[in-house]
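Q: Could you take a close look at one strand in this model and what sits around it? After that, walk me through the aromatic contacts too.

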Amino acid sequence: MENTHWDAVVIGAGPAGLSAALLLGRARRRTLVVDAGEPRNRFAAHMHGVLGHEGSSPQQLRHTGEAELGIYGVEVVAGAVDRLDDVSDGVRVALQDGSVLTTRAVVVATGIADVLAEIPGLAERWGSSVIHCPYCHGWEIRDSALGVLATEFVGLHQAFLARQWSDNVTVFTAAVGDVPEETVARLRSRGVKLIDSPVVELAGEAGGPIAVHTADGLVTSIDALFTAGTPRPHDSFLTDLQLARAEIAGVSMVAVDAAGKTSHDRIWAAGNVVNPMLTVPMSIGAGAMAGAAVNGILVVEDFDLAERTLTPTEFWEQRYAHNTQVWSGHANAVLADVVVSIEQRLAAETPGGALGQRTAIDLGCGEGGDALWLAARGWKTTGVDISRTALERAQVAANAAQLSSDQLRFVVTDLSEFEPEDSFDLVTASFLQSPVRLARAEILRAATSMVAPGGHLLVTAHATSPFSGIGGEDHDQTQTHSFEADFPTPDKELERLRLDPAEWTVVLKELRPRTITRPDADPFTIEDSVVLVRRS
C-alpha cells in the first residue's frame, strides 16, 4: 500500500465491493480495497443463481474477482477500518492497525452478520444444512424434508417459499408467538405442518438428517432447515459521521439512493450492508452502480478542479473559443437604464442641453454588447477584456456597425494589471464575476481612480446565482457552468470599494429583480446588485 491518497477506497471485498472496485479500476481510478476477511457467505460451499458462476464457491468468486482487479491496478489489502473522518479534500480512513490513508470517495461494502437464535446445534450447521435463502439453496434440497425455524413474523414468508421446493415442510413457530389463524389455514391448505413448541436443540450427524428437538419432547427429522438471522450491519466505523439511516426488514441501516450514495457527499454504500435481502448477483449489480456513480462524481470534480487551476486568460479564452457566441450582443438592462438617466440629468444641467464629448470605459466587456451600445449613443468608449477572441468578435461587430476607432476601441489586457492613462466620465463593470481566481475587489477599487471629476462608476453584479453560466441580461444559454463567485449585496459592494464620502456620492444602491427565460426551463427570477456612485 505505497499510496496513502486514493481516488476511491472500497471497504469490503464481497461481491458488492469487488464489483465497485472493478468499475473504478476500469475507469482508471487509483482504487484500494480494504477487507476484514469475514464475508457473509463464507459459511457456504457453493453459490447458486449467480449467472456464469453456478455452483462456484464464494471463495472462487473472490479469487477470480481479485485477479481481475489486478489487471486494472486495483490493490486489495487485509485490514479492518476503525473510523472515517472528513478532511478538506476527501475522507480520512483510519485502520485498526493504526495506519491512516485519505481518499476522494469511499464505497462501503462491509456486509452484515446474521445473528442466529441461541439454540444448540444451530450455528454449527449454518451455511450447510441450516440455510436462509430458498432461491440460493432450494434446488439442491428439492423434494427433501424441509424445516423452517420462524424467528419473527417475516420469517413465516420462508414457510410459503419453502413449499415451492418440497411438499414435505414443517414450520416451527414458537419464536413468533401466536400465528394468525388465516396464516395457519393458508399454510395447512398445501400440507405444511406447524409445530408451536419451542425448538431446544438440533442434533444428528454432520451431513445427515437434522433431529429437531422441541420442548414438548418430540423429535422431528428434517434434511435442511431454513431460518433468518437478525441482520447486524458492519457499519460501526460510520457512527461519528451520523449518516442518515432507514429501516430495512426491521433493522436500522445506512440510507442510500438508487446509485448507492449516502447522505455524505463522498460516501456510497452497496450490498448487504444497506439491504440484507440482496443476493450475490444483486449485490454485484449494486456495487457496479455505486462504482460508476463514484467515478461520475470524480469526473465532474476533475473538470471543476482543472477550471479552478486555469489562469484567467486560459479559462476565458477556452470559454469563448468553444462557443460561437457567449453573450447576446445586447446591452444589459441596468446599464441602459442608468446611462439614459445620467444623460437626462446632464442635459438638464447643461445650458442648451448639449452634452458635449463623453468618455466611457467598459471593464470586462466580453464580446462588446455594452461598449457598442455606448458608442452608438455618442460615448467615446474603450472596451477592455482579457480574452483576445472575445475582442476580435467585438471588433467585427463594431465594424459592422460602422463605428470608427475614434468612437470605439478595444484593449486586450488583464484588468488586475490595467493602468489607463486617461480618466473617464463613465466607468462600468457589469457582472465582473468569475469561476476562476479574480482579484475583483482590487480591480474595482482601481477602477475608482479611472473616474473623472463629476463622472460615475457603475457596478452591476449577480446578487444571487445566475443559474446558467456567467452573464447578465445577456446570460449564457450555450452551456451550464459551475459558478463559484460570491454574490455581493450593494452594501457589501460599497464596503469593498472603500470610497471617501468627502469625494464620492452614492447615487444608487439597490437589488433589482430580473427574470431569466431559458429555452429548456420555466422562467425564474434572480437579483442583481446595482451600485452607482458619482465623483465630486
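A: Valine 148 has valine 171 in β10 as its bridge partner. Keep in mind that this is a predicted model. The two strands involved, β9 and β10, run parallel and pair over 4 bridges. β9 also pairs with strand β15 (residues 224–227), again in the parallel sense and over 4 bridges. There, leucine 149 stands opposite threonine 227.

Now the side chains of β9, which covers residues 146–149. Leu146 and Val148 point one way, Gly147 and Leu149 point the other way, and all are buried. That fits a general pattern: in a regular strand, side chains alternate between the two faces of the sheet.

On to the aromatics. Searching the whole structure turns up 3 aromatic pairs. One of them joins tyrosine 135 and tryptophan 165 edge-to-face, with 5.7 Å centre to centre and 90° between the planes. Tyrosine 135 lies in helix α3 (residues 134–137) and tryptophan 165 in the loop between α4 (156–162) and β10 (169–172), so this pair ties together parts 30 residues apart in sequence. Tyrosine 135 counts as exposed because its relative accessibility is 58%, whereas tryptophan 165, at 18%, is buried.

Phenylalanine 315 and tryptophan 316 also pair edge-to-face, 4.9 Å centre to centre with 85° between the planes. Both phenylalanine 315 and tryptophan 316 are buried, and they form one aromatic cluster with Tyr320.

There's a charge over a ring as well: arginine 142 lies over the face of tryptophan 139, 4.1 Å from the ring centre.

Note on methods:
Residues numbered from 1 in each chain as written. Predicted model: local features only at pLDDT ≥ 70, side-chain atom pairs only at ≥ 80, totals over all residues. Heavy atoms only, no water. Phe/Tyr/Trp six-rings, centres within 6.5 Å; stacked < 30°, edge-to-face > 60°. Buried < 20%, exposed > 50% of the residue type's maximum accessible area, 1.4 Å probe, protein only. Lys NZ or Arg CZ within 6 Å of the ring centre and 35° of its normal. Pairing = 2+ DSSP bridges.
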